[in-house]
Amino acid sequence: MRSQVDAEVIVVGLGAMGSQTLWRLAERGTDVLGIERFVPGHDRGASHGESRIIRSAYAEGAAYVPLVKRAWRLWRELEEASGRSLLERTGALMVGPADSSVIAGPLASARTWDLEYDLLQGAELRERYPQFAHAEGLLGFHERDAGYLRPEEAVTAGVAVAETRGARVVRETAVTEIVPDPDLLRVRTGDREYTARHVVVSVGGWLRGLLPATAPLMTVERRVMGWFRATDPLSFAAERLPVFVHSDASGDRSLYGFPCLDGETVKIGLHTWPGIDEPTDPALGHRPPDRADAERFADAIGRTLTGLDPYPVRMLSCMYALTPDRHFLVGPRRDLPGLTLLGGFSGHGFKFASVIGEIAAEFATTGGTTLPVAPFDPHRFD
Ligand SMILES: Cc1cc2nc3c(=O)[nH]c(=O)nc-3n(C[C@H](O)[C@H](O)[C@H](O)COP(=O)(O)OP(=O)(O)OC[C@H]3O[C@@H](n4cnc5c(N)ncnc54)[C@H](O)[C@@H]3O)c2cc1C
């Protein structure tokens with residue numbers, strides 16, 4: 001006889017991935033319980049700061065394209081179910097030298113999947129996008145199927161819709177241990193133990209603290225986002241400038257940004273840049289932004305854009321959970337039967353959260369997935 005459990009599935013961590021997993025499981029009618037260390041939508045993990053880019057012609061590999069297409073449809077479904085606006089289509093502009101990953105990568109994806117794009121160069125690029133002050137010799141790859149998501153809204157919408165479909169949520173409670181037992185898993189918090197048939201672990205940068213065996217799979221780094229006053233906010237409005245990524249040839253200096261969303265400022269982040277790869281311990285919290293961050297931004301803006309104050313009016317810290325190959329960890333762990341791992345989203349995972357939630361829900365309820373996730377096998381580094 002199978003033993004009784006507190007929930008068929010427990011989702012540990014309700015950030016980007018966990019909130020969507022909770023929603024997709026609840027949508028299937030699964031008896032699901034979510035446990036979150038803080039309150040969903042908080043600013044101490046990786047899923048805050050008002051905006052996240054979604055792109056389709058995927059620079060990081062053509063294998064991601066079917067996933068982003070499905071993610072896009074699921075975000076629209078969540079908008080409908082929650083009545084909230086989560087995703088804006090602005091298009092995306094990638095700017096860099098012809099051999100940089102921001103140009104060669106999306107071009108390869110677009111050709112593999114027959115996606116529409118425009119390639120801009122020379123005067124055409126500079127005239128259409130005069131915000132890029134130093135675009136001589138660079139190319140612009142523009143695609144229409146891109147835009148931005150509202151991360152806090154997306155996380156809280158996922159949890160809220162899941163709760164209306166019967167999911168239970170335990171807030172402000174950290175899971176301290178997950179212990180396998182025949183036929184079930186035991187999930188321990190400070191004062192209680194919950195049992196489940198399946199556990200999805202989606203704790204972002206906190207992974208190694210919870211599952212020490214995963215420590216070699218991931219490093220955690222602090223990243224800072226900044227908001228910059230525009231001299232003429234209209235020239236940065238979404239009608240004039242889509243979401244964008246700009247990189248040098250080596251990829252060592254790359255930044256991304258959004259059109260002006262508040263009528264005054266433009267948000268910029270440094271994806272790679274000398275000096276930003278500072279390890280961080282999520283147990284202690286990410287270090288607040290400081291003068292050195294502001295100076296680095298001023299350098300980056302001076303080299304790239306025109307029409308923005310080079311020093312930020314505000315900044316926020318966040319964290320990247322990076323795998324050695326910068327691809328995700330999605331799938332079962334053989335050392336912990338009944339556990340699905342979602343982690344290592346390496347600074348580009350948010351756009352996929354809805355489809356990752358669907359994949360996790362499939363693993364949890366059927367033991368497999370119909371979506372192509374072989375490149376993300378958590379055992380590929382063994
Ligand atoms: C500055 C920045 C910019 C980015 N820009 C983009 C972008 O433009 N586009 C894009 O697609 N991606 C982007 N990303 C990446 C994307 O945001 C992340 O990949 C994604 O948010 C990771 O989600 P997660 O669920 O793995 O982690 P998180 O959202 O951090 O969620 C983990 C959750 O687990 C909870 N938790 C931790 N430990 C426990 C425990 N023991 N018990 C219970 N709960 C626990 C935490 O409180 C947290 O809520 C960016 C990331 C950063 C930092």
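Which residue in β16 is the bridge partner of Trp227? Keep that one in mind while we take a look around, and remember that everything here comes from a predicted model.

Let's start with the strand in the question. β16 covers residues 265–272, and six of its eight residues are buried, so you'll find the strand mostly covered. It has pairing partners to look at. One is β13, residues 219–229, which runs antiparallel to β16 and pairs with it over five bridges. This is where the answer turns up: Trp227 has Lys267 as its bridge partner in β16. Another partner is β15, residues 254–257, also antiparallel to β16, this time over four bridges. If you want a residue to look for in that pairing, try Tyr256, whose bridge partner in β16 is Gly269. While you're looking at strands, here's a handy thing to know: in a regular strand, side chains alternate between the two faces of the sheet.

Now on to the ligand. How many residues surround it? The count is 33, and the closest are Glu36, Ser47, Ile53, Cys318 and Lys351. Sorted by character, the shell has 18 nonpolar residues, eleven polar ones and four charged ones. Several elements chip in with at least two residues each: α1 (16–27), β3 (52–54) and β18 (314–322). Of the shell, β18 gives the largest share, with three residues.

Where does the ligand sit relative to the domains? It lies between domain 1 and domain 2, because both give residues to the shell around it. If you'd like to trace them, domain 1 is made of 7–48, 152–217 and 325–376, while domain 2 is made of 96–144 and 219–322.

Zoom in a bit and you can pick out some polar contacts. In the side chain of Glu36, an N or O atom is 2.6 Å from an oxygen atom of the ligand. A polar backbone atom of Met17 is 3.0 Å from a ligand oxygen. Over at Val175, a backbone N or O atom lies 2.9 Å from a nitrogen atom of the ligand. As for cover, the ligand taken alone exposes 1000 Å², and the protein buries 97% of that.

One last stop: Arg165, in the loop between α5 (151–164) and β9 (168–170). Its relative accessibility is 37%, so Arg165 counts as partly exposed, a class that falls between the buried limit of 20% and the exposed limit of 50%. Arg165 and Glu27 are 138 residues apart in sequence, yet their C-alpha atoms are 6.4 Å apart in space.

Conventions: Residues numbered from 1 in each chain as written. Predicted model: local features only at pLDDT ≥ 70, side-chain atom pairs only at ≥ 80, totals over all residues. Heavy atoms only, no water. Near = heavy atom within 4 Å. Polar contact = N/O pair within 3.5 Å; in protein donor to acceptor, adjacent residues only side chain to side chain. Areas by Shrake-Rupley, 256 points an atom, 1.4 Å probe, with all protein chains shown as cover. Nonpolar A, V, L, I, M, F, W, Y, C, P; charged D, E, K, R; others polar. Domains from an automatic or database assignment. Buried < 20%, exposed > 50% of the residue type's maximum accessible area, 1.4 Å probe, protein only. Pairing = 2+ DSSP bridges.
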